[in-house]
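User: I would like to learn how to read a protein structure feature by feature. Could you take me through one?

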Amino acid sequence: MKDLLLITPPFTQLNTPYPGTAYLKGFLNTKGIEAFQMDLGIEVILELFKKETFEEIFQLAFENDRIQTENCERIYALKDHYLKSLDDIILFLQGKNQTFARQICTTNFLPQASRFAQLDDMDFAFGAMGMQDKAKHLATLYIEDLSDFIVECIDPDFGFSRYAERLGQSANAFDELYAQLQDHETYIDQITLEILETRIKNTQPKLICFSVPFPGNLYSAFRCAQFIKANYPEIQIAMGGGFPNTELRSVTDIRVFEFFDFIALDDGELPIELLYNAVLKNDTTFKRTFVLENGTIVYKNNSSSPDYKQADVGTPDYSDLLLDQYISVIEIANPMHSLWSDGRWNKLTMAHGCYWGKCTFCDISLDYIKIYEPVAASLLVDRMETLIAQTGETGFHYVDEAAPPSLMKALALEILKRNLSVTWWTNIRFEKNFTQDLCILLKASGCIAVSGGLEVASDRLLKLIDKGVTVEQVAQVTRNFTEANIMVHSYLMYGYPTQTFQETVDSLEMVRQLFEVGVLQSGFWHQFALTAHSPVGLNPSDYGITPNYKNISFANNDVDFTDSTGIDHSQFSFGLKKSLFNFMHGIGFDIPLQEWFDFDIPDTDIDPDFIYNALAQEPFSAIKPTAKIVWLGGLPLVSEFSKTKRGITQDFLDFTFHDTADSYQITIEKDKGLWLLDCLEQIRPQHQPQSFKQLKTSFETEFEDFDVFWYSKPITILRASGLLVL
């Protein structure tokens, strides 16, 4: 028995659990409150994609005469082939049957429907894949074909990472969702509710909390809550998470509370503790929580307790979740998207909120972004070690809005200090503090990728966005990451308020050049969306737009608007995405921009060598006295020899260094060499970092002219081999 049940409703990701419930369970552990958590989405997927279930699906589709398209006719005709291999395919995608890859890659082993029509393009896009990856991609196409069959013949709202998402997107009124909930349960609803009922019977909770991160989780959350109210009316039900945090801040439709007793906003730790106390101890204090009182929705925020500091919220706890049963897939030829869908990641946060907190398209008025609070690097690595011990996984995704460079540096040093072998990636701003040396340090600590917003590659619009970067600066920073072998993904935006045809074309040209010179490896275009809680949404006239407000009784975030330019930016979508697909695979750079579009566009005003010149002009910056000096290499093999010149004998040391890829030598006078040897030991990550000033002072207690020594050939060689200035 557990008093508290935490649920992520269908669907989020196939390969790794969404971290909301794990964060809350970790916090509840610190309060001695026992809770059980479940990712209902992955449990439904596993029940859905198995031989026994699909036998029933094929039968239902046939009996109900739902097999109408040529694609579904083909899948149904090949049903015996699908049923024979389905369970083995799922095991393979769970990493439990790796030798099956050879069979999957055999020509014509898997039944093929419409998804395989793109296979030739995918072979080009993925290049010479390893057998495991190729098999994973083929298996992904196979289950996507079966997904298409479900959508066309069983449930049109099904999607692997979302369910009935249309009902949650821009749902200003509750009417459509409410009407759907009065209709019969779908086939997938029935599977969902059977699993939920089994869990409720096993745990017997008094409070069930649904974490609803996205619109694609909303319908299932309401359907589950409806079932609980009908069958277990004594259980109280709460909703929190990303969707209510952004969309339900002004909910007024009392019908919502036919399903939920509480809706909590923003940081969930204190609200869920108080909800637990309210349900089990009859306490009447709440934090940022909507309740229904006397037929009226009331916002309760009567607790005097402050929110918990990030140091006190505990380590995320992934226990109860089916970590060995998640499914890794390779869907599309985008290297950053493969990080999202392939492999399991432990999720952590370096800092609450955003240290920049100025971007005008972002919901910076909300606490989850506005309140910035970093976590100490030592505590972050403590949490990493705890999660490694708990999950057996050494991969980490830091899910920050934008990870601060200073904290990333401290995290990397702490990882190296403890000699941990981990793999991690995160989201950043492309700001100038990401120097070449910092990127090398991050790579050495296990950082494999970063994603960041270039947004609109136009300096005028970047200034309007208040991004705090320029295109030239982005080019230099992405070069630093790329040269350190850290993959770079850029979020790209079109249709920002007042953006002109010319600026969209020029933005595409900037992106073309960034890929052509090789400093971007991945990207994704999305059209600007106006949100109610962003500076643009709060002050639309300042940005040349007119919002088209509606009567809002349910969800309030995405807002329709009219731009003063009158441009229909959606017409750019196909050409921008098609060109990017080609650029990501090293082709199409010589194709005129006009050829990506089926309507006339102006010629670009951007110099064809703009990015190349930006990378050639990086200014020299003097080393600050407070800069930390770190040596990433090992200690050298040392041999001594003497030279006699004009009757004067001088002793020298030969240092031979071996790193993972190469060996190299430096020669230095013996006395300075002994000082350097001691210094290299002291500035390794296992020791307290020394500043440039400390290094200089130490040198000048024995020798003269540190600057001459620092810029000498031996030190220049070391600087290129792991002697970092941070």
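Analyst: We will go through cores, a buried loop residue, a sheet, cavities and a pocket. Keep in mind that this is a predicted model.

User: Which residues have the most contacts inside the largest nonpolar core?

Analyst: A nonpolar core is a set of buried nonpolar residues joined through their side chains. The largest one here has 94 residues, and those with the most contacts inside it are Phe49, Phe149, Phe158, Phe210, Phe222, Ile228 and Phe554. Helix H8, residues 131–153, gives the largest share of this core, with 10 residues. Another core lies apart from it and has 73 residues, including Met350, Val381, Leu593 and Ile611.

User: What does Phe222 touch, leaving out residues up to four places away in sequence?

Analyst: Phe222 touches Phe174, Leu177, Leu181, Met239, Val256, Phe259, Phe260 and Phe554. Phe554 is also on the list of residues with the most contacts inside the largest core.

User: Is Asn172 buried or exposed?

Analyst: Residues under 20% relative accessible area are called buried. Asn172 has 11% relative accessibility, so it counts as buried. Its place is in the loop between strand E4 (162–163) and helix H9 (175–182). Neighbours within four places in sequence aside, Asn172 is in contact with Lys550, Asn551, Ile552, Ser553, Phe554 and Ala555. Phe554 therefore appears in the contacts of Asn172, a residue that counts as buried at 11%.

User: Now the sheet. In what order do the three strands stand?

Analyst: To read a sheet, follow which strand pairs with which. Here the order is E26-E22-E27, the sheet is open, and the pairing is antiparallel. Strand E26 (690–691) and strand E27 (723–725) are at the edges with a single partner strand each, so one side of each has no neighbour in the sheet. Strand E22, residues 628–631, is joined to E26 by two bridges. In one of these strands, E26, Ser691 is the bridge partner of Lys628.

User: How many cavities of 30 Å³ or more are there, and what lines the largest cavity?

Analyst: Rolling a probe the size of a water molecule over the atoms shows where empty space is left. The count here is two cavities of 30 Å³ or more. The largest cavity has a volume of about 50 Å³. Its lining is made up of Trp675, Leu676, Cys679, Ile683, Leu695, Phe706, Phe709, Trp710, Ile715 and Leu723. Helix H25 (670–682) and helix H27 (706–710) are the elements that give two or more residues to that lining. By class, the lining has 10 nonpolar residues, no polar and no charged ones.

User: Which residues line the second largest cavity?

Analyst: The second largest cavity holds about 40 Å³ of space. Phe11, Thr12, Gln13, Leu14, Asp39, Gly41, Ile42, Ile45 and Phe160 line it. Helix H2, residues 40–48, supplies the largest share of this lining, three residues. The classes are five nonpolar, three polar and one charged.

User: What is the volume of the second largest pocket, and which residues lie nearest its centre?

Analyst: A pocket is open, whereas a probe inside a cavity cannot get out. The second largest pocket has a volume of about 1600 Å³. Its lining counts 41 residues, and Thr435, Gln436, Asp437, Leu438 and Val725 lie nearest the centre. Among the elements that each supply at least two lining residues are helix H17 (405–417), helix H18 (436–445) and E27. The lining divides into 18 nonpolar, 13 polar and 10 charged residues.

Definitions and conventions. Residues numbered from 1 in each chain as written. Predicted model: local features only at pLDDT ≥ 70, side-chain atom pairs only at ≥ 80, totals over all residues. Heavy atoms only, no water. Core = buried A, V, L, I, M, F, W, Y, C linked by side-chain atoms within 4.5 Å. Buried < 20%, exposed > 50% of the residue type's maximum accessible area, 1.4 Å probe, protein only. Helix = DSSP H or I, 4+ residues; strand = E, 2+ residues; numbered from the N terminus. Contact = heavy atoms within 4.5 Å. Pairing = 2+ DSSP bridges. 1 Å grid on protein atoms, 1.4 Å probe; cavity = no way out; pocket = protein on both sides within 12 Å on 5 of 7 lines; lining within 4 Å. Points joined across faces, edges and corners; volume = space filled by probe spheres on them. Nonpolar A, V, L, I, M, F, W, Y, C, P; charged D, E, K, R; others polar.
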